[in-house]
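Hi there,

Here is the structure I promised to pass on to you. Have a look at it first, and then read my notes below.

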Amino acid sequence: MYMFKYVMKRIGLLILTFGIIFVMSFVLIKLLPIHVNIGADQDPLIAYKRLEGYGWIRNIQKQPNGSYTFERVPILAQLWIYLKRIFLHGNFGYATTYGEYINQPVWGVFVEKLPPTILINLYATLFGVPIGLGLGILAALKKNRWQDQVINIFIILLISLPLIVLGLLIQYFLCFKLNWFPLIMNRGTDYFTWQTFRSMIPAVLALSLGSIARYARYTRAELSEVLTSEFMLLARTKGLTKRQATLRHAMRNSMVVIVPSILSEFIAVLSGSLIIESMFSIPGVGGLYLNSITFQDYDFFMLLSAFYTLVGLTAGIVIDVSYGFIDPRIRMGAK
């Protein structure tokens, strides 16, 4: 019951926080100048009428010199029109300035671009978690020995390298010099063929290597602390071998901190994929997000900002609730 109340409270706070961030983003975006994209053979009036149909402007007037003037709809009125369009019609808007997607529904483009982003983040997590945990466990069990020193050097190097530098090194050595992988991801929607998977590997490596180092650091620090605790000494005095005490007690207790860190690291990887997707030409939502800012396409920006905000807030709830599932002694919301 305590956990249920806690989760309901957190969901309520999530909705409130998401609403505040969403409104702030909308207001700040609408304070920027309106960018009207007019094609070479397009009647300017059509472009302005389209914005009028979106509820952005009104009172369009053609001036004697051929230019057009208009009056901006108040921001709160625009927000009401935007929310009504989403909740009543499921319409998140159309691309207005994003060159290759002009007049296309932003939701359709978003759904089309989502699979590559999910796949490279999923592959990075599946690749990084076991290796990172394995290195962290080995470093903790061999603390202050040569194995621990080598793993620590590996961790420090990878954590110190910015993600963009790591991506460039992978491109130069693995893709250009050794020619093991293509420089960019293959086009098309056959995401589960070997050729497409092979073209994803450089981006997956760039995302996962930093995560491996952080997983190893979390695991080493937590497991080292648990191995030196008093209950581990008690377990050994009761006749358990070092292997049995480590597997039955040390690993289980250290997972209370490690598992939530894995979830939080996944969110960090998802954020980092914004850069990596651009570097390796991954046709995902990361590149779409950055280009929506470049092209000043407000409907694209709002949808993708809402997506990343919702993922981050949801992950916070999942991380907190996971403590209660990992360790039954923890009861969120109990007094």
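**A buried lysine**

Lys30 is buried (under 20% relative accessible area, with a 1.4 Å probe and protein chains only), yet Lys30 has no salt bridge (a side-chain nitrogen of Lys or Arg within 4 Å of a carboxyl oxygen of Asp or Glu). The nearest side chain of opposite charge, Asp299, is 5.4 Å away; here Lys and Arg count as positive, Asp and Glu as negative, and His and the chain ends are not counted.

Please keep in mind that this is a predicted model, where local features need pLDDT of at least 70, side-chain atom pairs count only at pLDDT 80 or more, and totals for chains, interfaces and linings use all residues. Residues are numbered from 1 along each chain as its sequence is written, and side-chain values use heavy atoms, leaving out hydrogens and water.

Lys30 lies in helix H1 (residues 2-30); helices are DSSP runs of H or I with at least four residues, numbered from the N terminus. What does the side chain of Lys30 make a polar contact with? Its partner is the side chain of Gln78, at 3.4 Å. A polar contact is a pair of N or O atoms within 3.5 Å; within protein, one must be able to donate a hydrogen and the other to accept it, and residues adjacent in sequence count only if both atoms are side-chain atoms.

Next, Asn121 sits in helix H4 (residues 106-141). Asn121 counts as buried because its relative accessibility is 1%. Its side chain reaches the backbone oxygen of Thr117 at 2.6 Å.

Enjoy exploring!

Conventions:
Helix = DSSP H or I, 4+ residues; strand = E, 2+ residues; numbered from the N terminus. Buried < 20%, exposed > 50% of the residue type's maximum accessible area, 1.4 Å probe, protein only.
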